[in-house]
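Biologist: I have just opened this model and would like to learn how its labels are earned. Could you walk me through it in a friendly way?

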Amino acid sequence: MEQKTKIHAEEGRQELLITRQFDLPIDLLFKAYTEAELVEQWMGTKVLKLESNKHGAYQFETSDPKGNKHGFNGVIHEFELNRKITRTFEMENTPFAVQLEYLDFEALSDSTSKLTMHVVYKSAAIRDQILQLPFAQGINMAHNRLESILSKKS
Amino acid sequence: MNLRRDAFQAIADPTRRAILLLVASQAMTAGAIASNFDTARPTVSKHLQILTECDLLKQEQNGREMYYHLNAGKMKEIAEFIEPFRQMWDERFNKLESIMKDYQLKQKE
């Protein structure tokens with residue numbers, strides 16, 4: 001089966017492309033990005049601020065299972081209804097530099113649409129670190145499991 | 001056989017990721033690796049076989065013992081590292097899609 005979400009990341013580059021086709025009309029896909037209540041539902045985050053317009057800003061806050069709060073924020077540089085959003089994205093209290101995100105929305109038919117996210121990082125090294133975060137978390141989880149197995153043994 | 005795909009599947013398993021983590025610091029024999037797990041020895045051997053087949057582990061004969069060590073070159077290939085990243089986005093977008101379908105139905109009511 002063909003994968004619905006694709007990542008294109010060339011080695012040594014400081015950018016990547018995320019593409020995804022949706023069984024949704026274009027206006028609904030776009031709405032998922034502009035209405036706070038909907039963003040909260042699919043991103044699993046609290047939306048503190050979301051100004052969906054040019055020069056607007058946004059601020060999200062998620063809580064991890066341990067109850068720690070993680071903040072995300074950015075400003076919106078370009079906003080064209082059902083066509084594009086250009087924004088910055090910053091993970092607060094992390095060593096990662098701000099990234100630039102170009103979101104392009106495209107209607108494929110009356111009921112299907114496509115999102116292309118072009119993300120530009122400060123450096124190729126930062127891009128690779130962020131790409132590897134979910135992999136590293138998987139390794140850490142396995143490591144923690146291993147440690148708990150070992151501690152039970154002793 | 002799609003080797004790249006197999007590497008993805010290989011690292012999708014938590015026990016196999018733990019094995020990779022173990023041998024990342026030093027080459028180990030199958031017995032030494034197995035002693036770190038509660039799992040039966042044949043199960044660990046099967047995991048080692050899968051990891052070796054998709055080139056994430058390399059075997060090296062040292063005297064009478066066969067040692068397993070990490071194939072750093074293969075691990076470095078960005079494709080393996082980005083699969084969990086892709087899955088994260090895929091899950092996120094699946095959620096977006098289902099929430100917006102519900103939203104669409106509610107609008108029609």
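Modeller: Happy to, and let's begin with confidence: over residues 1-5 of chain B, pLDDT (the predictor's confidence in each residue, from 0 to 100) stays under 50. For that stretch the model has 3 contacts beyond four places in sequence, a contact being two residues whose C-beta atoms, placed from the backbone, lie within 7 Å. Where pLDDT is low, the predicted coordinates should not be read in detail.

Biologist: What are the ground rules for numbering and for using a predicted model?

Modeller: Residues count from 1 along each chain as its sequence is written, while chains are lettered from A and ligands numbered from 1 in the order in which they are written. This is a predicted model, where local features need pLDDT of at least 70 and side-chain atom pairs count only at pLDDT 80 or more, but totals for chains, interfaces and linings use all residues.

Biologist: What is the mean pLDDT of chain B?

Modeller: The mean is 83, and 85% of the residues of chain B reach 70 or more. The model scores ipTM 0.86 and pTM 0.67.

Biologist: Why is A:His55 called exposed?

Modeller: A residue is exposed if 12 or fewer other C-beta atoms lie within 10 Å of its own, buried if 20 or more do, and partly exposed in between, with C-beta atoms placed from the backbone. A:His55 has 10 C-beta neighbours inside 10 Å, so A:His55 counts as exposed. B:Asp55 has 16, and is therefore partly exposed.

Biologist: What is notable about phi in A:His55 and B:Asp55?

Modeller: Phi of A:His55 is near 70°, a positive value in a residue other than glycine, and phi of B:Asp55 is also near 70°. Most residues other than glycine have a negative phi. A:His55 lies in the loop between strands S3 (46-50) and S4 (57-63) of chain A, and B:Asp55 in the loop between H4 and strand S2 (57-62) of chain B. Helices (H or I, at least four residues) and strands (E, at least two) are DSSP runs, numbered from the N terminus.

Biologist: Which strands stand at the edges of the chain A sheet, and what makes them edges?

Modeller: The open sheet has 8 strands in the order S1-S2-S8-S7-S6-S5-S4-S3, with antiparallel pairing. Strands pair if DSSP finds at least two bridges between them. S1 (5-8) and S3 of chain A each have a single partner strand, so one side of each is left without a neighbour in the sheet.

Biologist: How do you know that S6 and S7 of chain A pair?

Modeller: 6 bridges join S6 (residues 84-91) to S7 (residues 99-107) in chain A, and the definition asks for at least two. A:Arg87 stands opposite A:Glu101 in S7(A).

Biologist: What makes a group of residues a nonpolar core?

Modeller: The members are buried Ala, Val, Leu, Ile, Met, Phe, Trp, Tyr and Cys residues joined through C-beta atoms within 7 Å. The largest such core has 16 residues, and B:Ile19, B:Val23 and B:Leu57 are among those that touch the most other members. H2(B) gives the largest share, 4 residues. A second, separate core of 12 residues includes A:Ile26 and A:Leu115.

Biologist: How many residues meet between the two chains?

Modeller: 24 residues of chain B are in contact with 28 residues of chain A. On the chain B side, H6(B) supplies the largest share, 18 residues.
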